Amino acid sequence: MSFSTPLGQFADICRMIKIEHSVFALPYAWAGAFLAAGGLPSARSLIFLTIGMIAARSFAMAFNRLADLPFDRDNPRTQNRPLVTGAISKGQTWAFCGLMALIFVAACACLNSLCLWLSIPALVFAAAYSLLKRFTALCHFWLGATLGLAPLAGWISVNPASMPLTPVLLFLAVTFWVAAFDIYYAFQDLDFDLAFGLYSAPSVYGPETSLALAAFSHVMTSIFLLLTGFAAGLSWPWYALWLGISLLLLLEHRLMRPQDLRYVNTAFFTLNGIISPVVLVGVLLGIYL
């Protein structure tokens, strides 16, 4: 039985914002919080950090659907999205964006004053990604930086008085990690982007150069994760799991072939869905063991 809300069917809302993709950013926010606390953060910090992360991501995804609607109507890959089919209206989506923005700001206010001051700039930064594909192929790295804010948010939710090297290194790791898999994802729309004049790495630089750019980004991800462990003084389990993550990134790169996209969902979601929780586990084990 489907649960109906004033903003549409709950299942349609979850499909619109791809709720399952929360697995990408949320573990990094928690990792930032645990690193800032040097152990278990307060329950208050974790609760409002989680609420804020879910709200910010939901806002950004819904805004992205609104911004991309003119293109999604013509793209065969996206023609079944709830906003395209009319299962959710534009008015409902705008209302959802407003509600999520309010929840995010309120959650930030419940954390500390720095989080509150940064809440609106963070929403603007997240929303800007949705427009960048019209102008620059660097959109992949902007998306990476948007998700990269997660460990920074986790850190300042616990310790707003300082910003040492550890969360910055984790920010850089996430930025390059997301940029790489977003480039992979963009291979699906190569022909569409070329036809409609949209800027993605594959449409601007070509498949082979884009594949090399994604490989470079994965190398940088591995390097910055390794440096994060050094900066945070994490113990040996972090480095064991870092090696496993690096091997997963290599496997992901080996699976991607621009001429054969049958493994794109494995590379994009399955493997990356493993990596972010493993990073969190590595942080926890690195702190406590």
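**Salt bridges, core and aromatic pairs**

Colleague: The side chains of Asp193 and Lys133 are reported to meet, at 3.2 Å from N to O; what makes this a salt bridge?

Modeller: The term requires a side-chain nitrogen of Lys or Arg within 4 Å of a carboxyl oxygen of Asp or Glu, and the 3.2 Å between Asp193 and Lys133 therefore satisfies it. Asp193 sits in helix H9, whereas Lys133 is in the loop between helix H6 (113–132) and H7, so the pair ties together parts that are 60 residues apart in sequence. This is a predicted model, in which local features need pLDDT of at least 70 and side-chain atom pairs count only at pLDDT 80 or more, while totals for chains, interfaces and linings use all residues. Residues are numbered from 1 along each chain as its sequence is written, and side-chain values use heavy atoms, with hydrogens and water left out.

Colleague: Why is Asp193 called buried, and why does Lys133 count as partly exposed?

Modeller: Buried means under 20% relative accessible area and exposed means over 50%, with partly exposed in between (1.4 Å probe, protein chains only). Asp193 has 1% relative accessibility and is therefore buried, whereas Lys133, at 24%, falls in the partly exposed range.

Colleague: How many salt bridges does a search of the whole structure find, and what is known of the one formed by Asp189 and Arg77?

Modeller: The search finds 3 salt bridges. In that of Asp189 and Arg77, the N to O distance is 2.6 Å. Asp189 belongs to the loop between H8 and helix H9 (190–196) and Arg77 to the loop between H3 and helix H4 (82–85), so this pair ties together parts that are 112 residues apart in sequence. Asp189 is buried because its relative accessible area is 6%, while Arg77, with 32%, is partly exposed.

Colleague: What makes Arg81 and Asp72 a salt bridge, and on which side of the burial cut-off do Arg81 and Asp72 fall?

Modeller: Their closest N and O atoms are 3.1 Å apart, a value that lies inside the salt-bridge limit. Arg81 counts as buried at 15% relative accessibility, and Asp72 is buried as well, with a relative accessible area of 5%.

Colleague: How many aromatic pairs does the structure hold, and why is the pair of Phe59 and Phe63 called stacked?

Modeller: It holds 11 aromatic pairs. Phe59 and Phe63 are 6.2 Å apart, centre to centre, with 20 degrees between the planes. Rings of Phe, Tyr and Trp (its six-membered ring) pair if their centres lie within 6.5 Å, and planes under 30 degrees apart count as stacked, over 60 as edge-to-face and the rest as tilted, so Phe59 and Phe63 meet both conditions for a stacked pair. Both residues lie in helix H3, 4 residues apart, about one turn of the helix; helices here (H or I, at least four residues) are DSSP runs, numbered from the N terminus. Phe59 is buried with a relative accessible area of 11%, and Phe63 is buried with 17%.

Colleague: What makes the pair of Phe141 and Phe176 edge-to-face?

Modeller: With 6.1 Å from centre to centre and 80 degrees between the planes, Phe141 and Phe176 pass the angle cut-off, and the pair is therefore edge-to-face. The pair links distant parts of the chain, with Phe141 in helix H7 (residues 139–158) and Phe176 in helix H8 (residues 165–186), 35 residues apart. Both Phe141 and Phe176 are buried, and together with Phe216 and Phe224 they form one aromatic cluster.

Colleague: What is meant by the largest nonpolar core, and which residues have the most contacts inside it?

Modeller: A nonpolar core is a set of buried Ala, Val, Leu, Ile, Met, Phe, Trp, Tyr and Cys residues joined through side-chain atoms within 4.5 Å. The largest one has 77 residues, and Tyr28, Trp177 and Ile275 are those with the most contacts inside it. Contact means heavy atoms within 4.5 Å; leaving aside neighbours within four places in sequence, Ile275 touches Tyr28, Trp177, Ile245, Leu248, Leu249 and Glu252.

Colleague: How is Thr166 of helix H8 classed, and what is it in contact with?

Modeller: Thr166 counts as buried because its relative accessibility is 7%. With neighbours within four places in sequence left aside, Thr166 is in contact with Leu35, Thr228, Ala231 and Ala232.

Terms used:
Helix = DSSP H or I, 4+ residues; strand = E, 2+ residues; numbered from the N terminus.
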